[in-house]
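Thank you all for coming; I would like to walk you through one structure this morning. Please look at the sequence and the model on the screen while I talk.

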Amino acid sequence: MSQMKHIDNTPSTPGKFKIEKSPYNRLRLQFSLAKIIFWSLVFVGLIFVFFYRSPSSSSHVSSDLFRRSLRTSSYGGPAWEKKIKASAKPRSSNGMCVLVTGAAGFVGTHVSAALKRRGNGVLGLDNFNDYYDPSLKRARQELLERSGVYIVEADINDATLLKKLFEIVAFTHVMHLAAQAGVRYAMENPSSYVHSNIAGLVSMLEVCKSVNPQPSIVWASSSSVYGLNTKVPFSERDRTDQPASLYAATKKAGEEIAHTYNHIYGLSITGLRFFTVYGPWGRPDMAYFFFTRDILKGKSVPIFEAANHGTVARDFTYIDDIVKGCLGALDTAKKSTGSGGKKKGPAQLRVFNLGNTSPVPVSDLVSILEKLLKVKAKRLIMKLPRNGDVQFTHANISLAQKEFGYMPTTDLQTGLKKFVRWYLSYYGNGKKRAQ
């Protein structure tokens, strides 16, 4: 980490431009123009990928979206509405009522359960796609149903369904966690990222802006927006216009879209930049998860190195700490100021890092897993590929600490111990238990 240095601390959102007789004005103007050109190209590129993809890709994605997108006509009726109302009803009359999108996902499941435990009304929404094993999502669904959380199975781009849900329940908050995750998968199926992370976000915001009262919105951005930034630790004031992956670009685009809806419609919006979340019920595409699987199966574990044998490190953040941050953001979110699609006054707009502030080399992660599993890993040292992965992540959490007392308490050793205990219970020693 000693080689990491600050090469550019220009904020991604510069202050007011003041004309001065200085040679720096020309540089500042050039930077502003470069930024505008960059993001124009990003948006044009995303639109091109989404609407003008190759025939083979188009047929694959079309069938995928047809499978994933569920129509409102599949729902309705008194019994269905009764489930929704029961799930979304808070324990107290003035309690929080939250729509959680991506509720069958890793973070969504934990946040939904935590909200329900403390007496909030919670309704889940998830399309149960097959980016990773859907049976794990179904198991999470069963977990939530036992605690009284109902998940509506549908796509967030189904605007008719979203409007119907808001007609049934007057949600005070939306916890928008639905997204197409994963950095590397974007090279295989880029359109899914535009569909979920951009179009899906817009679909949700469109409904939220029009309902009365408007809900407060907290949504999942990502630490990946820092991209090629080499200044550490990453601060919310740092530039975020150098994404290293399409996934990162869609999350950065989401932050710009959030700003637009806040500015025009008075929506109260808080973005959370998660840093490498891990823990029980996690995502199988994450390194800690498939490292555990492959170590138990005796397979090689790829450990990436940066140029000149540079260390690849991540700011691993335990799920319970992330949940505390999500709840803190919800609890401090101010009310939206719009009504019927019209802004009545300035509304809250925030973005926070949620990390652990202690980057750990990936090689150390493997060492910890070896001790916990009591199995020696077959390490395969490889060069860091150019597929969107970055060399390091490191969160500055001072802003979240100040705003809602965010303070992570779980180190990697402790967190991985809890994960391994869950993994062996759920899957057994490398084999999933019989259903």
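Let me begin with helix α10, residues 319-331, which lies across β4 (173-176), β5, β6 and β13, and which runs at about 165° to β6. I should say straight away that what you are looking at is a predicted model, so please hear everything that follows as values computed from that model.

The strands under discussion belong to an open sheet of 7 strands, paired in parallel, and if you read across the sheet the order is β3-β2-β1-β4-β5-β6-β13. The edges are taken by β3 (150-153) and β13 (349-354), and because each of them has a single partner strand, one side of each is left without a neighbour in the sheet. On average, and ignoring direction, neighbouring strands here are turned by 20° against each other. To take one pair in more detail, β5, residues 216-220, and β6, residues 269-274, run parallel and are joined by 4 bridges; if you would like to find one of the pairings on the screen, look for A220, whose bridge partner in β6 is L272.

Now to a pair of helices. The axes of α9, residues 287-297, and α11, residues 362-373, come within 10 Å and cross at roughly 50°, which makes α9 oblique to α11. The crossing of α9 and α11 is right-handed. Which residues of the two helices meet there? From α9 they are Y288, F291, T292, I295 and L296, and from α11 they are V362, L365, V366, L369 and L373.

Next, a single residue, N356, which you will find in the loop between β13 and β14 (360-361). Is N356 buried or exposed? Its relative accessibility is 10%, and since buried means under 20%, N356 counts as buried. Leaving aside residues up to four places away in sequence, N356 touches D315, F316, T317, D321, P408 and T410. As for R314, it is 42 residues from N356 in sequence, while their C-alpha atoms are 9.7 Å apart in space.

Let me finish with the chain as a whole. It has 13 helices and 15 strands, and buried residues make up 55% of its 435 residues. Of the contacts with a separation of 6 or more, 82% are between residues 24 or more positions apart. The chain exposes about 20400 Å², and carbon and sulfur atoms supply 56% of that area.

Note on methods:
Residues numbered from 1 in each chain as written. Predicted model: local features only at pLDDT ≥ 70, side-chain atom pairs only at ≥ 80, totals over all residues. Heavy atoms only, no water. Buried < 20%, exposed > 50% of the residue type's maximum accessible area, 1.4 Å probe, protein only. Contact = heavy atoms within 4.5 Å. Areas by Shrake-Rupley, 256 points an atom, 1.4 Å probe, with all protein chains shown as cover. Pairing = 2+ DSSP bridges. Axes fitted to C-alpha atoms, helices over the stretch in contact; angles between N-to-C directions. Parallel < 35°, antiparallel > 145°, perpendicular 65-115°, else oblique. Left-handed = near helix turned anticlockwise from the far one by under 90°.
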